[in-house]
Amino acid sequence: MIEFLLNNRKIQTDKAPTTTLLDFIRYDENLRGTKIGCREGDCGACTVLIGSMKNGKLTYMSATSCLTPLPNVHGKHVVTVEGLNLPNKLNQAQQAMVDCSGTQCGFCTPGFVNSMCGFALNTTQPTLESAISAIDGNICRCTGYKSIERAAAKLSQELQWKDSSRPLSWLVEHDFIPDYFLEVEEKLQSFNIEYNTEGQIPIGGGTDLYVQKHDDLHDMNMAYLFDRSTLNGITFEGSICTLKSAVTVTDLIENETLLNAIPNWYNYLKLVSSTPIRNIGTILEIWRTVLQLAILRSSFWR
């Protein structure tokens, strides 16, 4: 049984574990604000926020739900655009999009709003650069982006006064997120975090197989490794760095030791896809993709 919070409701489901979070949100829960676009993690129309407990702290990240296996949100808080609505008024991200004319057809808007609210939840340095970086996984075909950049700038200005000693309470008081967020941490502590499956095909964040084999997923017998505690972590012993298989690109880009040891580490890793993909893409998937590219290249040059 897979259990998680979807906005402000507890979900229990025995859906096939190969089901994507996107399909579950739209077709099982009828939350249609999360859009279907490319199904490859490129467009950002399906972006959601995923909150989980890390080191005793509730942390949110943006993620492409089209590539997220349902078991990967077990014991977590999934936030769709419907879960960011305030009673009788717009939240700060939505209002910034309106004030700056940041939407035209509206198809991409829920993804942008989710990414902006994720920025509000996570940022400790609300600069324009970091605000724009937070929406680097969202594509818009209408606006030319400048109006959306102005909305991101407006949001970053509003966040200059964020109280780091009580961030969630401050965000609720200033209309960034609904007040039910204040109860999420307590609710998550009641979940059994580990989701154990025994399968033949190891899968991490879904950023490789869910792109390459989308039509064949229902026939696959997969072992879900994204949240296995024994597979998470970056350790150092002398000059040796050990990366476990469920380490994500974001884990690498935020590791202080690696940032200090390797020149331009941050800038290089920022070239790997987009923020929502870096948040769920694991070392396991990177190496699998590299090996596949190497095989294709060797076949090409024969």
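# Helix packing, salt bridges and a few single residues

Okay, let's start with helix 2 and helix 5: they pack at an angle of about 135°, with their axes 8 Å apart. That makes helix 2 oblique to helix 5. This is a predicted model, so local features need pLDDT of at least 70, side-chain atom pairs count only at pLDDT 80 or more, and totals for chains, interfaces and linings use all residues. Residues are numbered from 1 along each chain as its sequence is written, and side-chain values use heavy atoms, with hydrogens and water left out.

Some vocabulary before I go on. Helices (H or I, at least four residues) and strands (E, at least two) are DSSP runs, numbered from the N terminus. Axes are lines fitted to C-alpha atoms, for helices over the stretch in contact, and the angles run from 0 to 180 degrees between N-to-C directions. Under 35 degrees counts as roughly parallel, over 145 as roughly antiparallel, 65 to 115 as roughly perpendicular, and the rest as oblique.

Back to our pair. Helix 2 passes helix 5 in a right-handed crossing, meaning that the near helix is turned clockwise from the far one by less than a right angle; anticlockwise would be left-handed. Who touches whom? On the helix 2 side you have Gln92, Ala93, Ala96, Met97 and Asp99, and they meet Ile148, Ala151, Lys154, Leu155 and Glu158 in helix 5. Contact here means heavy atoms within 4.5 Å. Sorted by class, that contact has six nonpolar, one polar and three charged residues. For the classes, Ala, Val, Leu, Ile, Met, Phe, Trp, Tyr, Cys and Pro are nonpolar, Asp, Glu, Lys and Arg are charged, and the others, Gly among them, are polar.

Helix 5 also packs with helix 3, residues 109-122, and there the angle is about 25° with the axes 11 Å apart. Helix 3 and helix 5 are therefore roughly parallel to each other. The crossing of helix 3 over helix 5 is right-handed. In this contact, Phe112, Met116 and Phe119 from helix 3 meet Ile148, Ala151, Ala152, Leu155 and Ser156 from helix 5. The residues there divide into seven nonpolar, one polar and no charged.

Now, salt bridges. The rule is a side-chain nitrogen of Lys or Arg within 4 Å of a carboxyl oxygen of Asp or Glu. How many salt bridges does that rule give? The count comes to twelve.

Let me pick out a few. Asp175 pairs with Lys89, with the closest N and O atoms 3.1 Å apart. Asp175 sits in the loop between helix 6 (167-173) and helix 7 (184-188), and Lys89 in the loop between strand 5 (77-79) and helix 2 (92-99), so this pair ties together parts that are 86 residues apart in sequence. Asp175 is partly exposed at 24% relative accessible area, and Lys89 is partly exposed at 47%. The cut-offs: buried is under 20% relative accessible area, exposed is over 50%, and partly exposed is in between, using a 1.4 Å probe and protein chains only.

Then there's Glu3 with Lys10, where the closest N and O atoms are 3.8 Å apart. Lys10 is partly exposed, at 48%.

Helix 5 comes back here too, with a salt bridge between Lys146 and Glu149 at 3.4 Å, N to O. These two are three residues apart in helix 5 (residues 146-158), so about one helical turn separates them. Lys146 is exposed at 52%, while Glu149 is partly exposed at 27%. Elsewhere, Asp136, Lys270 and Arg278 are joined into one network by salt bridges that share partners.

Last stop, some single residues. Is Thr64, in strand 4 (residues 57-64), buried or exposed? Thr64 is buried, at 1% relative accessible area. Leaving aside neighbours within four places in sequence, Thr64 contacts Gly41, Cys46, Pro276, Ile277 and Ile280.

Gly33 is in the loop between helix 1 (21-28) and strand 3 (47-54). Gly33 is buried as well, at 12%. Not counting residues up to four places away in sequence, Gly33 touches Val81, Glu82 and Pro110.

Asn30 lies in that loop between helix 1 and strand 3, and so does Arg39. Most residues other than glycine have a negative phi. Asn30, though, has a positive phi of about 55°, and phi of Arg39 is near 55°, also positive.
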